[in-house]
Amino acid sequence: MTEQEFDLFLGRVADFHQTVAENVAELDPHPEPRYGLAFQSALLSIEHGSAAYVLIASRFHAPAYSLLRTQFETLVRGIWLMYAASDSWVEKLNQPLTVESAESTKDALMLDKMLKALRASESAPSALLDQLEACRDVMWKALNSFTHGGFHPLARASTGYPPQLNYDVLRNSNALISLASQLTAIVSGDPESMSPVRALHQNFADCIPIV
């Protein structure tokens, strides 16, 4: 992929993000705490993905790549909140932010435990979990390295970030955004809200890998 081709791709990704923002703006979560928390976590994931796009477009590659880990974790947390979190965890995470409430949630489950809890859940869609675990297996070591300033960003400081790599990273980020969009539609409780999510895969097939 050439720099010119990548610049054209950035324009398509901008359109993708705009469409996602318009779709999500039309949704409200079902009025229960569990649904509201899952919705907010999905929005956080989308927000991290949007920030990663802006940073890559601005040639701030290392901080952009580091955001994908947070994008992934907030997506998993939203799905965990919807399908596997206990009522006590939902209650804890639904409190106003205070010193006391922050202390009570300091032992919140990390990624591996959330995924294990989702696998043990009878209601979590297995196909969705397969997609999440496939993403983790492909990206996780490199994302950890970028998050902690490890070998990957240090090596890239010398070799640079070729267009093909940025293209692949953005498509992976867009895949997570599409899954987060799916979660916002699910927690709205309106089956019709899935139609715009399906349309994303049809209209932006060049921006999203098959998920």
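A residue counts as buried when its relative accessible area is under 20%. The legends below describe close-up views of a predicted model.

**View 1. Tyr-65 and Phe-146 form an edge-to-face aromatic pair.** The model holds seven aromatic pairs, counting rings whose centres lie within 6.5 Å. In the pair shown here, the ring centres of Tyr-65 and Phe-146 are 4.9 Å apart, with 65 degrees between the planes. Tyr-65 belongs to helix α3 (residues 61–83) and Phe-146 to helix α7 (residues 126–147), so the pair ties together parts that are 81 residues apart in sequence. Tyr-65 is buried because its relative accessible area is 4%. Phe-146 has 10% relative accessibility and is therefore also buried.

**View 2. Trp-80 and Trp-89 form an edge-to-face pair, and Lys-92 lies over the face of Trp-89.** The centres of the two tryptophan rings are 6.4 Å apart, and the planes of Trp-80 and Trp-89 meet at 65 degrees. Trp-80 is buried, at 1% relative accessibility. Trp-89, at 14%, counts as buried too. Lys-92 is placed 4.6 Å from the ring centre of Trp-89.

**View 3. Phe-6, Phe-9 and Tyr-167 form an aromatic cluster.** Ring pairs link these three residues.

**View 4. Helix α10 (residues 194–203) has three buried residues, Met-194, Val-197 and Leu-200.** Around the helix axis, these residues cover an arc of only 105 degrees, which means that they lie on the same side of α10. The partners against which the buried residues of α10 pack are helices α1 (3–25) and α9 (163–188).

**View 5. Glu-133 in helix α7 makes a side-chain polar contact with Arg-119.** The distance between the side chains of Glu-133 and Arg-119 in this contact is 2.9 Å. With a relative accessible area of 19%, Glu-133 falls under the 20% limit and so counts as buried. Leaving aside residues up to four places away in sequence, Glu-133 touches Leu-115 and Arg-119. Arg-119 is thus named both as a polar partner and as a residue in contact with Glu-133.

How values were computed
Residues are numbered from 1 along each chain as its sequence is written. This is a predicted model: local features need pLDDT of at least 70, side-chain atom pairs count only at pLDDT 80 or more; totals for chains, interfaces and linings use all residues. Side-chain values use heavy atoms; hydrogens and water are left out. Rings of Phe, Tyr and Trp (its six-membered ring) pair if their centres lie within 6.5 Å; planes under 30 degrees apart count as stacked, over 60 as edge-to-face and the rest as tilted. Helices (H or I, at least four residues) and strands (E, at least two) are DSSP runs, numbered from the N terminus. Buried means under 20% relative accessible area, exposed over 50%, partly exposed in between (1.4 Å probe, protein chains only). A charge sits over a ring if NZ of Lys or CZ of Arg is within 6 Å of the ring centre and within 35 degrees of the ring normal. The arc is that of the directions from the helix axis to the C-beta atoms. Contact means heavy atoms within 4.5 Å. A polar contact is a pair of N or O atoms within 3.5 Å; within protein, one must be able to donate a hydrogen and the other to accept it, and residues adjacent in sequence count only if both atoms are side-chain atoms.
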